[in-house]
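Here's a quick tour of a structure for anyone new to reading them. Have a look at the picture first, and then we'll walk through it topic by topic.

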Amino acid sequence: MDKIQQLLLQEVAGIHQIPEGAYSLRINGNLYGKNSSEHIQIVKKEDKPGIDIYVQPGTKNESLHIPVILSQSGLKELVYNDFHIGEDCDVTIVAGCGIHNGGTETSEHSGIHSFYLSKNAKVKYIEKHYGQGDGSGKNVMNPHTHAELGENSYMEMETAQIKGVDSTKRKTTAILSKNATLIVKEKVMTHGEQFAETEFEVELLGENSGTHVISRSVARDRSSQKFISRVKGDAKCSGHTECDAIIMDDATVIAVPEIMAVHPDASLIHEAAIGKIAGEQLVKLMTLGLTEKEAEEEIVNGFLR
Amino acid sequence: MLELQNISYTVGDKRILRDVNLRIEDRFVAITGPNGSGKSTLAKLVTGILTPTEGRILMDGVDITDWSVTERARSGVSFAFQQPVRFKGITVKDLISLAAGKNTNISEACNYLSEVGLCAKDYINREVNASLSGGELKRIEIAMINARGTKLSVFDEPEAGIDLWSFNNLIKVFENMYERTRGTIMIISHQERILNIADKIVVLANGAVAEYDTKERVFPKLMDVQAGCRYTKNA
């Protein structure tokens, strides 16, 4: 691993080198290394790029790292990762993709992640997207996450894309069984001419299932963002989707919330707000000695924390 | 020392403040007067949030009229808002640290918060958002001014919304603040107990200084300074 690759790894997975425990590290389109642990098996797919991950029932407090690094300009890849989470598990999965594009061609990584949570399973899934490089080539990421939550299971998904991704189209779909819960916390910041679209489609199929989809985004310069969320309630359930965007400079933000109830006991709420930084927030921080620019940064950093 | 020379402030054709002249040299100065008399406007002019239409503002002899909010803050002006601002994601600790100008540790933050009657452990990592009550926000606002410890601290109705916390404690905060900073504390207030601790009281009425004197001299006249309307006055 070279210095650039190490830096990308640090940005997306918070680690300097090969992690302990179960991991799969993909660099420039190839599997760089993988390691199964006692309770987590990682198996390379034979028919297409990607891996199958099997977490044994009852696995508690274990983590799995599956970062992807692209430092070769112009590389395009599509990877399929399937996560089979056994009953009564409690695991943390750290994914993420970092691209360094120093060339003129477009680099692209698209991860298709499917999660199958068995009864009572609990998963925390963290995914960071990061791009850099001084070349004129674009960094593109189009992830698709699909989750099927079994009875009484819980999944928390934290996604962040703060810097350097020129174009992204993220799609997340989920189907929830009885008593299952899905929490999604998304953070997006776009600069320059960047474009980011995120689409959530959650179906609350089982009784007492529930979801919270929370998106916070900041659109700067001439960038554009689109947030789409669809929550469908098929049973007695609760769904809440929230999009909160700060718009700056000449950016564009579109929020399209959609809630659909097909059961009289489905309780669904959507909230969407787009606005610039409140003037009084800037003034307050300026009375503490910050310049307007510093105040703006402080407010944006807090908002995306 | 703060000096306001011939300060006027006009919005459209409405004169909010007219020809205000004040030399503030005492440690506690209270500003009172009826609603709409221009008290908050005066505070915003001093802190740089508003710029006077006419007149000059001097601090320690230096003309600061054209200074920005940031420049004034950095040269020693603090301002506790009447209505504290809420933020998303910014914590009490962040604000105290920004106010103190350094990353404050738990024990330092604890000092500032306990002085305003808040338990640091419960508040330090709380977001300064809508989950905090008006009274809690007011106290955090005061704690921030305390953490800054500047030579001029301006408070716009600090007592409003603080119900259970006794005024004695609030007054103690101001006294401690003075002991530490040896600066001037300017408080906009309607509360007699706050006016009582002031060295001087400024009474604003209809955008002008109606009185500026010691409380012994100002108190008896306070009842005469009612905005009222000309019909009730004549009645």
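Two residues are in contact if their C-beta atoms, placed from the backbone, lie within 7 Å. Keep that in mind for helix α1 of chain A, since what covers the buried residues of α1(A) includes β5 (60-70), β7 (90-100) and β9 (122-132) of chain A. One thing to know up front is that this is a predicted model.

**Helix α1 of chain A**

- Which residues of this helix are buried? In α1 (residues 3-13) of chain A, they are A:Leu8, A:Leu9, A:Glu11, A:Val12 and A:Ala13.
- Look down the axis of α1(A) and you'll see those buried residues fall within an arc of 165°, so they line one face of the helix.
- Right after α1(A) comes A:Gly14, with a positive phi of about 65°.

**Where the two chains meet**

- On the chain A side, 15 residues are in contact, and they meet 20 residues of chain B.
- Two helices of chain A, α2 (279-286) and α3 (292-303), each supply at least two residues of the side that touches chain B.
- The largest share of that side of chain A comes from α2(A), with six residues.
- Sorted by class, the side of chain A that touches chain B has seven nonpolar, five polar and three charged residues.
- One residue to find here is B:Gly89, which sits in the loop between β6 (77-80) and α3 of chain B.
- Leaving out residues up to four places away in sequence, B:Gly89 touches A:Gly302, A:Phe303, A:Arg305 and B:Glu127.
- B:Gly89 and B:Glu127 are 38 residues apart along the chain, yet their C-alpha atoms are separated by 5.7 Å.
- Is B:Gly89 buried, exposed or partly exposed? With 17 other C-beta atoms within 10 Å, B:Gly89 is partly exposed.

**Two helices that cross in chain A**

- Two packed helices are described by the angle between their axes and the distance between the axes.
- For α2(A) and α3(A), the axes come within 9 Å and cross at roughly 115°.
- The crossing of α2(A) and α3(A) is right-handed.
- From α2(A), the residues that meet α3(A) are A:Gln281, A:Leu282, A:Leu285 and A:Met286. Their partners in α3(A) are A:Glu292, A:Ala295, A:Glu296, A:Glu298 and A:Ile299.
- By class, this contact of α2(A) with α3(A) has five nonpolar, one polar and three charged residues.

**Helix α4 of chain B**

- Over in chain B, helix α4 (residues 106-115) has B:Ala109, B:Tyr112 and B:Leu113 buried.
- These three cover an arc of only 95° around the axis, which puts them on the same side of α4(B).
- Flip to the other side of α4(B) and you'll find B:Ser107 and B:Ser114 exposed.
- What do the buried residues of α4(B) pack against? They pack against α3 (92-100), α5 (120-123) and α6 (134-148) of chain B.
- Just after α4(B), B:Gly117 takes a positive phi of about 80°.

**The nonpolar cores**

- The largest nonpolar core has 85 residues, and those with the most contacts inside it are B:Leu95, B:Ile96, B:Ala143 and B:Met144.
- Helix α6(B) gives the largest share of this core, seven residues.
- Leaving aside neighbours within four places in sequence, B:Ile96 is in contact with B:Thr104, B:Ala109, B:Tyr112, B:Ala143, B:Met144 and B:Ala147.
- Apart from the largest core lies another one, of 51 residues, and among them are A:Leu9, A:Leu70, A:Ala121 and A:Val213.

**Positive phi outside glycine**

- Most residues other than glycine have a negative phi.
- A:Asp221 goes the other way, with a positive phi near 50°.
- You'll find A:Asp221 in the loop between β16 (209-219) and β17 (224-233) of chain A, and with 13 other C-beta atoms within 10 Å, A:Asp221 is partly exposed.
- B:Asp19 also has a positive phi, near 45°.
- B:Asp19 is in strand β2 (residues 14-24) of chain B, and B:Asp19 is partly exposed, with 15 other C-beta atoms within 10 Å.

**One more loop in chain B**

- B:Glu159 is in the loop between β7 (152-156) and α7 (167-181) of chain B.
- Why does B:Glu159 count as partly exposed? B:Glu159 has 19 C-beta neighbours inside 10 Å, while a residue needs 20 or more to be buried.
- The C-alpha atoms of B:Glu159 and B:Gly135 are separated by 9.0 Å, and the two residues are 24 apart along the chain.

Conventions: Residues numbered from 1 in each chain as written. Chains lettered and ligands numbered in written order. Predicted model: local features only at pLDDT ≥ 70, side-chain atom pairs only at ≥ 80, totals over all residues. Helix = DSSP H or I, 4+ residues; strand = E, 2+ residues; numbered from the N terminus. Nonpolar A, V, L, I, M, F, W, Y, C, P; charged D, E, K, R; others polar. Buried ≥ 20, exposed ≤ 12 C-beta atoms within 10 Å, placed from the backbone. Arc of directions from axis to C-beta. Axes fitted to C-alpha atoms, helices over the stretch in contact; angles between N-to-C directions. Left-handed = near helix turned anticlockwise from the far one by under 90°. Core = buried A, V, L, I, M, F, W, Y, C linked by C-beta atoms within 7 Å.
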